[in-house]
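Me: I should like to learn how the packing of helices is read from a structure. Please show me the general idea and then a case.

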Amino acid sequence: MRAKDGAGKRIRGWLACGSAAVLLAAVLAGTRGHAAPVHSARELSSARIPAGFTAKPTPQRLARGRYLVAAVAGCFDCHSPHEYVNKQWIARKGLTGAGQIFPPHMVPFPPGSRVVAPNITPDRATGIGSWTDAEIARAIADGVDKGGRPLFSLMPYASYHALTTEDLKSIIVYLRTLPPVHRALPSTHIPFPVRVDLNPATALPPPARAPAQVRRGWYLARMGGCVDCHTPILANGTRPASMVLAGGLHFQGPFGDVFSLNITPSSSGIGFMTEGMFVRTMQTGRVNGNGPHLNPIMPFQNFRHLRPGDLRDLYLYLQTVPKVRHEIDNTDPPTYCPLDGERHGLGDLNSAPSKKGPR
Ligand code: HEC
Ligand code: HEC
């Protein structure tokens, strides 16, 4: 299924939107024989979710859950059917959370694969209405369904494993308020085991002894998948730890052909952005709020709902990550880049990894 030149690591655009691509990247990396071992749900599972786990509804939890789902995690990017119209992802009306089958011709999995983001509305027959709070919590944070089956890791449970218990409860409280949609979908079917590399790059620990704002920024970045999309995957299927957040992951689809950009504080990254510029960029999808529109594979339609304080925390966190010199731009003609092995704008300005240039 993969071209030997590494073309298979391109993220083909079958996705409802941005964050769907995130885990696909990890999955694709893992389909190579020498990828990291499969992380089973068992390895991840914690004692945090005992059988008696309950998510008691409160107005605070409802508001927090709605916010996390819409502005940060983008659950409905995957769990609702979408169409790409006029350079925008449009969710189909009345089907919020009702699940979708990812279009088979666009899923770069073995022929015969069917990848389904299930109906997570409270419909009792076809959704998760009959699940207990503990069962839903385990699906989200530990990656096992009601029956104990490990979920396919396109569901970003590895990231959601870092959710605080309070946030996990908040998400469940919110999901239970969705209008139930009766919509039966088939289940995910992958003809043979796909080795999944949940990749070390995404598992970066929270910054040690960092100020609270920076730790909150790390948490938001984890839930929002920044590292997953903004770290390249090399031809050998690995994510270089030296290029975390340095951009260079390739996305192709109805939205075009685009690379994620360098968002480390290097001058070749977002070193030029003040906090205000960063906030305006995230809120508008245009650099500084007045540049050309950035590609909608970047989930601005979610992040634009982030509160200014949260955007500020994200910015402060990004300021603390190691600067990586990696020139990359989607508006310049593509040239070969020795750092990520791709052909992208400004690629030829980069030198091979051994020669460390000025940052
Ligand atoms: C689904 C993949 C995806 C996710 C998730 C994602 N990004 Fe992006 N991001 C992109 C792509 C692709 C671009 C380039 C868009 C373009 O050039 O048109 C981009 C562009 C950007 C830019 C503009 C940079 C510049 O120099 O103009 C910023 C800032 C940014 N992303 C920050 C973030 C942050 C912060 C997060 C996490 C909260 C994040 N991104 C999550 C794919 C993603
Ligand atoms: C990148 C796409 C993606 C995102 C984002 C995503 N999911 Fe999922 N989710 C899936 C897929 C695919 C499955 C099914 C995997 C399988 O069947 O093995 C799944 C399964 C689930 C299940 C189990 C349902 C069942 O019937 O088995 C729940 C609950 C769930 N997701 C909730 C969430 C919540 C809540 C969020 C946001 C916090 C979220 N998901 C974000 C793709 C996604």
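Reply: The following turns discuss helix packing and then two backbone angles. This is a predicted model, in which local features need pLDDT of at least 70, side-chain atom pairs count only at pLDDT 80 or more, and totals for chains, interfaces and linings use all residues. Residues are numbered from 1 along each chain as its sequence is written, and chains are lettered from A and ligands numbered from 1 in the order in which they are written.

Me: At what angle do α3 and helix α7 pack?

Reply: Two packed helices are described by the angle between their axes and the distance between the axes. Here α3 and helix α7 (residues 165–175) pack at about 90°, and their axes are 7 Å apart. Axes are lines fitted to C-alpha atoms, for helices over the stretch in contact, and angles run from 0 to 180 degrees between N-to-C directions. Helices are DSSP runs (H or I, at least four residues), as are strands (E, at least two), numbered from the N terminus. The two helices α3 and α7 are therefore roughly perpendicular (65 to 115 degrees; under 35 is roughly parallel, over 145 roughly antiparallel, the rest oblique).

Me: How do the axes of helix α3 and helix α8 cross?

Reply: The axes of helix α3 (residues 59–73) and helix α8 (residues 212–224) cross at roughly 75° and come within 9 Å. In this contact, L68, V72 and A73 of α3 meet L220, M223 and G224 of α8, where contact means C-beta atoms, placed from the backbone, within 7 Å.

Me: Is L245 buried or exposed?

Reply: L245 counts as buried, because 27 C-beta neighbours lie inside 10 Å. The cut-offs are 20 or more other C-beta atoms within 10 Å for buried, 12 or fewer for exposed, and in between for partly exposed. Its phi is near 70°, a positive value in a residue other than glycine.

Notes: Contact = placed C-beta atoms within 7 Å.
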